[in-house]
Amino acid sequence: MKTESDNGPATSPTALRPPGLNDRAPAFRARTTMGERDLACYAGRWLVFFSHPADFTPVCTSEFVAFAKAFDRFQALDCDLLGLSVDSLFSHLAWIQSIAHRFKVKIPFPLVEDPSMAIARAYGMLPPGADSSATVRTTFVIDPAGIVRASITYPMSVGRNVDEILRLVAALQATDSAEVSTPEGWRPGDPVILAPLLSVDAIEQRAGEDGADWYYRLGSL
């Protein structure tokens, strides 16, 4: 259903509850700082879709500067960035210009306006009954098929770690490429965890191979 606001048109997402892991990401269409966008624009690519409480706030500014500086690293992973807050497009444009002027950093990805709060509510970025329109710091990693593969939520007072989000995207891609898992702190090029052996014969045949035990075997992609 299409809704109208004083700040321009937006298409309301159809989801009735916030998406969980392996759910399809709610569809939407809205104005951004780089023209109109919808979720279908990112089909076939990974997407980090993240909310911030408000424009012209210090923690959010630090995050946007960090995301901008890491933009090429996300692109190398075939991953796009898309920000959102309930502020208007005019506010977004003014804030981006301020960042460019004050920090000498150009924001190379779109920022969605959501004055109706429809997108924020559909994604759980603005919890039901919230006493403020400020969205919490929620991050969704959406795969090329439009499926939510990971989500992270921080309180408004704590900034995100952009390096961790990069690591998360790389780890999801690695585990999609083969039947492996990634251990704590894994980074590209590190050993991965191989599938455990599931029979006595297999365990006996591989006795003495490198690894802590049959259920914890390290290998490479």
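# Why is it called that? A tour in questions

Visitor: What makes Leu-218 count as partly exposed?

Guide: Leu-218 has 42% relative accessibility. Buried needs under 20% and exposed needs over 50%, so a value in between counts as partly exposed. That's why Leu-218 gets the label partly exposed. By the way, this is a predicted model, and Leu-218 is found in strand β12, residues 217-219.

Visitor: Which residues make the nonpolar surface patch of about 410 Å²?

Guide: Trp-214, Tyr-215, Tyr-216 and Leu-218 make that patch. A patch residue must have over 30% relative accessible area, and Leu-218 clears that mark because its accessibility is 42%.

Visitor: Let's look at Thr-33. Why is Thr-33 called buried?

Guide: The relative accessible area of Thr-33 is 19%. The cut-off for buried is under 20%, so Thr-33 falls on the buried side. You'll find Thr-33 in the loop between β3 (29-32) and β4 (35-38).

Visitor: What is Thr-33 in contact with, leaving aside its neighbours within four places in sequence?

Guide: Leu-89, His-92, Leu-93, Ile-96, Phe-109, Pro-110 and Leu-111. The side chain of Thr-33 also comes to 3.0 Å from the backbone nitrogen of Leu-111. A polar contact needs N or O atoms within 3.5 Å, so that distance fits.

Visitor: What about Asp-80 and Arg-45: how do you know that they form a salt bridge?

Guide: Their closest N and O atoms are 2.8 Å apart. The limit for a salt bridge is 4 Å, so this pair qualifies. Asp-80 sits in strand β6 and Arg-45 in the loop between β4 and β5, so the bridge ties together parts that are 35 residues apart in sequence.

Visitor: Are Asp-80 and Arg-45 buried or partly exposed?

Guide: One of each! Asp-80 has a relative accessible area of 13%, so it is buried. Arg-45 has 25%, so it is partly exposed.

Visitor: What makes Glu-63 and Arg-160 a salt bridge?

Guide: Their closest N and O atoms lie 2.9 Å apart, and the cut-off is 4 Å, so the pair counts. Glu-63 is in helix α1 and Arg-160 in the loop between β9 (148-154) and α5 (162-177), so parts that are 97 residues apart in sequence get tied together. There's also a backbone link, with the backbone nitrogen of Arg-160 at 2.7 Å from a polar atom of the Glu-63 side chain.

Visitor: Why is Glu-63 called buried?

Guide: Its relative accessible area is 2%, and buried means under 20%, so Glu-63 is buried. Arg-160 is buried too, at 9%. Leaving aside neighbours within four places in sequence, Glu-63 is in contact with Arg-137, Val-158, Gly-159, Arg-160 and Val-162.

Visitor: How many salt bridges does the structure hold?

Guide: The structure holds 11 salt bridges. Among them, Asp-176 and Arg-149 meet at 2.8 Å, N to O. That pair links helix α5 with strand β9, 27 residues apart. Also, Arg-29, Glu-36 and Asp-38 are linked in a network of salt bridges.

Visitor: On to the rings. Why is the pair of Phe-49 and Tyr-123 called edge-to-face?

Guide: The angle between their planes is 85 degrees, and over 60 counts as edge-to-face, so the name follows. Their centres are 5.0 Å apart, under the limit of 6.5 Å for a pair. Both Phe-49 and Tyr-123 are buried.

Visitor: What makes the pair of Phe-67 and Phe-74 tilted?

Guide: Their planes are at 40 degrees, with centres 6.1 Å apart. Under 30 would be stacked and over 60 edge-to-face, so 40 degrees lands in the remaining class, tilted. Both rings also belong to a cluster linked by ring pairs, along with Phe-50, Phe-64, Trp-95 and Phe-109.

Visitor: What is special about the phi of Phe-56?

Guide: Phe-56 has a positive phi of about 60 degrees, although it is not a glycine. Most residues other than glycine have a negative phi. Asp-78 joins in, with a positive phi near 55 degrees. Phe-56 is in the loop between β5 and α1, while Asp-78 is in the loop between α2 (71-76) and β6 (79-85).

Definitions and conventions: Residues numbered from 1 in each chain as written. Predicted model: local features only at pLDDT ≥ 70, side-chain atom pairs only at ≥ 80, totals over all residues. Heavy atoms only, no water. Patch = residues over 30% accessible without salt bridge, like charges linked within 9 Å, V, L, I, M, F, W, Y side chains within 5 Å. Areas by Shrake-Rupley, 256 points an atom, 1.4 Å probe, with all protein chains shown as cover. Salt bridge = Lys/Arg side-chain N within 4 Å of Asp/Glu carboxyl O. Helix = DSSP H or I, 4+ residues; strand = E, 2+ residues; numbered from the N terminus. Buried < 20%, exposed > 50% of the residue type's maximum accessible area, 1.4 Å probe, protein only. Polar contact = N/O pair within 3.5 Å; in protein donor to acceptor, adjacent residues only side chain to side chain. Contact = heavy atoms within 4.5 Å. Phe/Tyr/Trp six-rings, centres within 6.5 Å; stacked < 30°, edge-to-face > 60°.
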